[in-house]
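I open this notebook page to record what I looked up, entry by entry. Charged pairs come before the rest.

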Amino acid sequence: NYPNPASENITIYYELLETSSVALEIFDNNAQPIKKLIPATTQAAGEHLVVWDLSSTAGSDVASGVYFYKLAINGAIITRKIIVSR
């Protein structure tokens, strides 16, 4: 994910080696869900980019702080930290 820290948006990059089930969600530091960027869906093999505009599901901008994204690919989960600096 880049840039990190982020102030306007952040890009999350991942590559799939085969057609896979994918879900991507943002959480705050208290493990509360902030926004689903990709609901559970099937995606083709290849490179993928998702841009998070640092907003919540309600559409408001998130505050400065530490957030996490959870990327689930075929049931395997990858979690990474995002720092938002406004």
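I take a salt bridge to be a side-chain nitrogen of Lys or Arg within 4 Å of a carboxyl oxygen of Asp or Glu. The model is predicted.

**Entry: salt bridge**

How many salt bridges does the structure hold? I find 1. Lys35 forms it with Asp53, and the closest N and O atoms are 3.6 Å apart. Lys35 lies in strand S3 (residues 33-43) and Asp53 in the loop between S4 and S5, so the pair ties together parts that are 18 residues apart in sequence. I then looked up the cover of each partner. Lys35 has 19% relative accessibility and therefore counts as buried, since the cut-off is under 20%. Asp53 is partly exposed, at 42% relative accessible area.

**Entry: aromatic pair**

I searched the whole structure for aromatic pairs and found 1. Trp52 and Tyr67 form it. I asked how the rings meet: the pair is edge-to-face, with 6.0 Å centre to centre and 70° between the planes. Trp52 lies in strand S4 and Tyr67 in strand S5 (residues 65-73), so this pair ties together parts that are 15 residues apart in sequence. Are the partners buried or exposed? Trp52 is buried, with a relative accessible area of 0%. Tyr67 is buried too, with a relative accessible area of 8%.

**Entry: strands S1 and S4**

I turned to S1 (residues 10-16) next. This strand is mostly covered, with 5 of its 7 residues buried. S1 pairs with S4 in the antiparallel sense, over 7 bridges. I noted one facing position: Ile12 stands opposite Val50 in S4.

Thr11 is also found in strand S1. Thr11 counts as buried, because its relative accessibility is 11% and the limit is under 20%. Which residues does Thr11 touch, leaving aside its neighbours within four places in sequence? I list Asn1, Tyr2, Leu49, Val50 and Val51.

**Entry: nonpolar patch**

Leu49 sent me to the surface. I place Leu49 in strand S4 (residues 46-52). Leu49 is exposed, with a relative accessible area of 55%. Trp52, by contrast, lies in strand S4 but is buried at 0%. Leu49 makes a nonpolar surface patch together with Tyr2 and Tyr13. I record about 340 Å² for the patch. Two of the patch residues, Tyr2 and Leu49, are also among the contacts of Thr11.

How values were computed
Residues are numbered from 1 along each chain as its sequence is written. This is a predicted model: local features need pLDDT of at least 70, side-chain atom pairs count only at pLDDT 80 or more; totals for chains, interfaces and linings use all residues. Side-chain values use heavy atoms; hydrogens and water are left out. Patches are made of residues with over 30% relative accessible area and no salt bridge: like charges are joined within 9 Å, nonpolar side chains (Val, Leu, Ile, Met, Phe, Trp, Tyr) within 5 Å. Accessible areas come from the Shrake-Rupley method with a 1.4 Å probe; for residues, only the protein chains shown count as cover. Helices (H or I, at least four residues) and strands (E, at least two) are DSSP runs, numbered from the N terminus. Buried means under 20% relative accessible area, exposed over 50%, partly exposed in between (1.4 Å probe, protein chains only). Two strands pair if DSSP finds at least two bridges between them. Contact means heavy atoms within 4.5 Å. Rings of Phe, Tyr and Trp (its six-membered ring) pair if their centres lie within 6.5 Å; planes under 30 degrees apart count as stacked, over 60 as edge-to-face and the rest as tilted.
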